[in-house]
Amino acid sequence: MPKTKQAFSPLNPIRDAEFFAGRASQIAMLREQLDEQTSFLLIHGERGVGKTSLANLIKSNILCKTTVNSTDSFSSLCMRLFNQVQLSGSKAGFNTTGTQMPVVRMTEKLPTILDIDVVSHVIQGLASSQAAFVIDEFDRIVEDAIVPFAELVKSLSDSGASCHLVFVGTTGIVGRLRAAHPSISRHLTYIELPRMTRDELAQIIHNAENVLDIKFSDDAINLMVFVSQGLPHFIHLIGQAVVKGTGSKGVGRDDVLQALGSCMDQSEHNLRELYDQAVYSAQRDAQYRQVLLACAMAGVIVTSQQGFFNAGEIKPILEGILHRKVVTASYHPHLQEFISKDRGAILERHGQPRKYRYRFSNPFLVPYVLMNALSTKLADIEMLTALIRK
Ligand SMILES: Nc1ncnc2c1ncn2[C@@H]1O[C@H](COP(=O)(O)OP(=O)(O)OP(=O)(O)O)[C@@H](O)[C@H]1O
Ligand SMILES: [Mg+2]
């Protein structure tokens, strides 16, 4: 892919280290583990935080990668790994050059069904080359295939095989692995990827500036960072729309605001559908959009609670959006509806009556709601940022 396309690429994980921003501590941890003779790693985090991009930095003499699909068994996954052997000619470590490595397919005759013993044996046979095996989207694995992988880790660990086994998946897999095989946590090193910080998100923009010969103002960067809510996908989505929409070498806040409309059109189809279903009303004065925006802002403001907020926390925000006092009873029915199937269950409700907590069923909806509010002028950026400072 040409560099100008890679600079902002919302749909593709980073492959070229030149465009990789931030993550210093996770990189250091990964590097340290890959310097060991043997490592068993689990890279995990929320959807879309950059797990695959981080795993793409792994380099090794023999690098086998695969992605889980819902029909995979232990055997089918291992078969795909063994048939995708990459030789780079350098020692295991980090791919900072971004160069493509020549691919050599394994030609050994393997049995049609691979069990733990065979897989363990094959990996030990490759040990002198310190092979690295990366299994992405491991959270999609069927329950039956988890135990064999946990046992494989144990078997390779016991035998002292020289290899790296890297699982990548959303955080839910941590609990599933522990439940399936309690001793697995002793063998695995966990690398957690949180949402990106402001500086990390800004770095994505600065990396692109160099390649595209374009300059974003601080206001433009702040707006992109605010809307993205730590999810790099949205920085790439907005950045791409801005670059397409402006011929100028200097990007200001208005260029970003202008681009948000086309970002919504290009957002995942299900985000648009969910939003429209949640706020639909034949009545002009229905306030679904305002209440949903207040929910999104509550999730933003109450940052220590992983997106959770309670009904009371919405009140001052909704008052700021509507420019008038409200009572909880006026928006309580909206919350009830937002958790119902009729409105796409856009919110989840957790906990007990009187202590209910809510959050968006898909974290990508929060940036979507913010983009929508700003581009349709339901709210302006000054008002939203003032709410955060309150
Ligand atoms: N460190 C980074 N620097 C720059 N861009 C990044 C970085 N990490 C991720 N991105 C961008 O963010 C988006 C999501 O990245 P990626 O696909 O790696 O996330 P993921 O966690 O694997 O997502 P999923 O959960 O959907 O598999 C992509 O557009 C990618 O280019
Ligand atoms: Mg991924």
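# Close-up views of a three-domain chain

On the outward side of helix α16, Ala-329, Pro-333 and Gln-336 are exposed. Everything shown in these views comes from a predicted model.

**Figure 1. Helix α16 has a buried side as well.** Opposite the exposed residues just named, Tyr-331, His-334, Leu-335 and Phe-338 of α16 (residues 328-338) are buried. Look down the axis of α16 and these buried residues fall within an arc of 100°, so they line one face of the helix. What sits over them? The cover for the buried residues of α16 includes three helices, α13 (269-279), α14 (288-301) and α15 (311-322), along with the strands β12 (347-350) and β13 (357-360).

**Figure 2. Zooming in on Phe-338 of helix α16.** Is Phe-338 buried or exposed? Phe-338 counts as buried because 25 C-beta neighbours lie inside 10 Å, and the cut-off for buried is 20 or more. Skip the residues within four places in sequence, and Phe-338 is in contact with Ala-278, Leu-292, Arg-343, Ile-346 and Leu-347. For a sense of scale, try Arg-198: it sits 140 residues from Phe-338 along the chain, and the two C-alpha atoms are separated by 30 Å.

**Figure 3. His-323 sits in the loop between α15 and α16.** This residue has a phi near 60°, which is a positive value in a residue other than glycine. His-323 is exposed, because it has just 7 other C-beta atoms within 10 Å, and a residue with 12 or fewer counts as exposed.

**Figure 4. Helix α9 (residues 198-212) lets you check a helix with a ruler.** At 1.5 Å a residue, the 15 residues of α9 should span 21 Å, and the end C-alpha atoms are indeed 21 Å apart. If you try the sum yourself, remember that the expected span uses one less than the number of residues. Which residues of α9 are buried? They are Leu-201, Ala-202, Ile-204, Ile-205 and Ala-208. These buried residues cover an arc of only 145° around the axis, which puts them on the same side of α9. On the other side of α9 you'll find Asp-199 and Asn-210, both exposed. Covering the buried residues of α9 are, among others, α1 (3-7), β10 (215-216), α10 and α11. Just after α9 ends, Asp-213 takes a positive phi of about 55°.

**Figure 5. Ile-204 is one of the residues in helix α9.** How many other C-beta atoms lie within 10 Å of Ile-204? There are 26, so Ile-204 is buried. Leaving out residues up to four places away in sequence, Ile-204 touches Ala-21, Pro-232 and Ile-235. Ser-228 makes a handy landmark here: it is 24 residues from Ile-204 in sequence and 12 Å away in space, C-alpha to C-alpha.

**Figure 6. Gln-229 lies in the loop between α10 (218-228) and α11.** Like His-323 in its own view, this is a residue other than glycine with a positive phi, and for Gln-229 the value is near 55°. Gln-229 counts as buried because it has 20 C-beta neighbours inside 10 Å, and 20 or more is what a buried residue needs.

**Figure 7. Ligand 1 has residues from two domains around it.** The domain assignment splits the chain into domain 1 (23-193), domain 2 (198-266) and domain 3 (269-389). Domain 1 and domain 2 each give at least three residues to the shell around ligand 1. Which of the 22 residues around ligand 1 come nearest? They are Gly-50, Lys-51, Thr-52, Ser-53 and Pro-232. Two helices, α3 (51-55) and α11 (232-245), each supply at least two residues of this shell. Sort the shell by class and you get 9 nonpolar, 10 polar and 3 charged residues.

**Figure 8. Asp-255 has its place in helix α12 (residues 253-266).** Is this residue buried, exposed or partly exposed? With 19 C-beta neighbours inside 10 Å, Asp-255 counts as partly exposed, because a residue needs 20 or more to be buried. Not counting residues up to four places away in sequence, Asp-255 touches Ala-220, Val-242, Gly-245 and Thr-246. Take Gly-245 from that list: Gly-245 is 10 residues from Asp-255 in sequence, and their C-alpha atoms are 7.9 Å apart in space.

Notes: Residues are numbered from 1 along each chain as its sequence is written. Chains are lettered from A and ligands numbered from 1 in the order in which they are written. This is a predicted model: local features need pLDDT of at least 70, side-chain atom pairs count only at pLDDT 80 or more; totals for chains, interfaces and linings use all residues. Domain bounds come from an automatic or database domain assignment. Helices (H or I, at least four residues) and strands (E, at least two) are DSSP runs, numbered from the N terminus. Two residues are in contact if their C-beta atoms, placed from the backbone, lie within 7 Å. A residue is near a molecule or strand if its C-beta atom, placed from the backbone, lies within 6 Å of it. Ala, Val, Leu, Ile, Met, Phe, Trp, Tyr, Cys and Pro count as nonpolar, Asp, Glu, Lys and Arg as charged, and the others, Gly among them, as polar. The arc is that of the directions from the helix axis to the C-beta atoms.
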